[in-house]
Amino acid sequence: MAKRSLSRTIVPTLLIYLGLAVGLVFAGFPILWMFFTSLKSNTEIFALPPRLLPDHFTSVAYLAIFNDPTKVRFFINSYLVAGVVTGLTVLIAILTAYAFSRYTFRLKKTLNVFIISTQTVPPITLLIPYFGMVVALGIFNTYFALILTYMVFTLPYAILLMTGYLNTLPKELDEAVLVDGGSSWTALWRVIIPLSVPGIVATAVYTFLLAWNEFLFALTLTKSMDMRTVPIGIELLMGQHAFEWNEMMAMSVLGSLPLLVLYLIAQRYFLAGMAAGSVKS
């Protein structure tokens, strides 16, 4: 009996670890291939049979990026746009979520339905209308056009996520502040926000990820090299007659690092915020 019960616990555990190992290889191998390809010369990339590790490690692709002001500008643009979008989205989402979570007002349900419905619209269907609107407003090929457009897509989910998280915090916290003579603003900034750090971090990570990786609108709403972002910069390395594969991989590695570092730093808060925000909304 003891052996039978032991086998019943060991076998499922082994299967779980086997599945995790397979998933790790499936998810991690392309990343390793991208990284080691960025350390190869463009000639060695096409060697047969293909090899994961290069015969001669070279940083020529990274030097080509860092020594080119245009390519460095791609990263500056991405950091600027993604950072501003993240800051504004989180701020507006907190204020809106606090109103939805703590107050009852007219059209509350209607606004909730509207916010949720915006998530069902494929962004590509809005490309032409947004392009026409940006041109009509005279903000084509500007940071403002990208920031405004990205916030249209980041705000709905950010509001839903923050509302779900604030709903997990008891309203008695606000009432205690009001009893002590404070205002709703005092309750929000001194009590609710400090307790909402996991939700705020989850919202910020999601927003930054979406803004950093966006390609379609960044390609359509900008035209000069000074306004291009990292995803567009990678696409521009695909020439008419040749592809700079090692530079493409190097820029992909450099473009992935901010997201990886951000997630590793905020992992604990991110998982807690996503879990809490999805339970009660």
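## Close-up views of a predicted model

Welcome: this predicted model has four salt bridges in total, a salt bridge being a side-chain nitrogen of Lys or Arg within 4 Å of a carboxyl oxygen of Asp or Glu. Because the model is predicted, local features need pLDDT of at least 70 and side-chain atom pairs count only at pLDDT 80 or more, while totals for chains, interfaces and linings use all residues. Residues are numbered from 1 along each chain as its sequence is written, and side-chain values use heavy atoms, with hydrogens and water left out.

**View 1. Asp 68, Lys 71 and Glu 247 form one salt-bridge network.** Start at Lys 71, which is buried at 12% relative accessible area; buried means under 20%, exposed over 50%, and partly exposed in between (1.4 Å probe, protein chains only). Glu 247 meets the side chain of Lys 71 with an N to O distance of 2.4 Å. Glu 247 belongs to helix H12 (residues 245-279) and Lys 71 to helix H3, so this pair ties together parts that are 176 residues apart in sequence. Here helices (H or I, at least four residues) and strands (E, at least two) are DSSP runs, numbered from the N terminus. Glu 247 is buried as well, with a relative accessible area of 11%. Lys 71 also bridges to Asp 68, where the closest N and O atoms are 4.0 Å apart, and Asp 68 is partly exposed at 23%.

**View 2. Arg 51 and Asp 55 pair in a salt bridge.** Their N to O distance is 2.8 Å. Arg 51 is partly exposed at 32% relative accessibility, and Asp 55 is partly exposed at 48%.

**View 3. Arg 51 also helps to line the largest cavity.** Its companions in the lining are Trp 33, Lys 40, Glu 44, Ile 45, Ala 47 and Pro 50. The cavity has a volume of about 40 Å³. On a 1 Å grid over the protein atoms alone, a cavity is a set of points where a 1.4 Å probe fits but cannot get out, and a pocket is an open set with protein on both sides within 12 Å along at least five of seven lines; lining residues have an atom within 4 Å of a point. Grid points are joined across faces, edges and corners, and a volume is the space filled by probe spheres set on the points. The lining holds four nonpolar, no polar and three charged residues.

**View 4. The largest pocket has about 410 Å³ of space.** Among its 21 lining residues, Thr 118, Gln 119, Val 152, Phe 153 and Pro 156 are closest to the centre. Helix H6 gives the most to this lining, with seven residues. By class, 17 lining residues are nonpolar, three polar and one charged.

**View 5. Six residues, Leu 88, Leu 91, Ile 92, Leu 95, Trp 185 and Trp 189, make a nonpolar surface patch of about 550 Å².** Helices H3 (69-102) and H8 (184-195) each give two or more residues to the patch, and H3 has the largest share, with four. Look for Trp 189 in helix H8; this residue is partly exposed, at 39% relative accessible area.

Terms used. Patch = residues over 30% accessible without salt bridge, like charges linked within 9 Å, V, L, I, M, F, W, Y side chains within 5 Å. Areas by Shrake-Rupley, 256 points an atom, 1.4 Å probe, with all protein chains shown as cover. Nonpolar A, V, L, I, M, F, W, Y, C, P; charged D, E, K, R; others polar.
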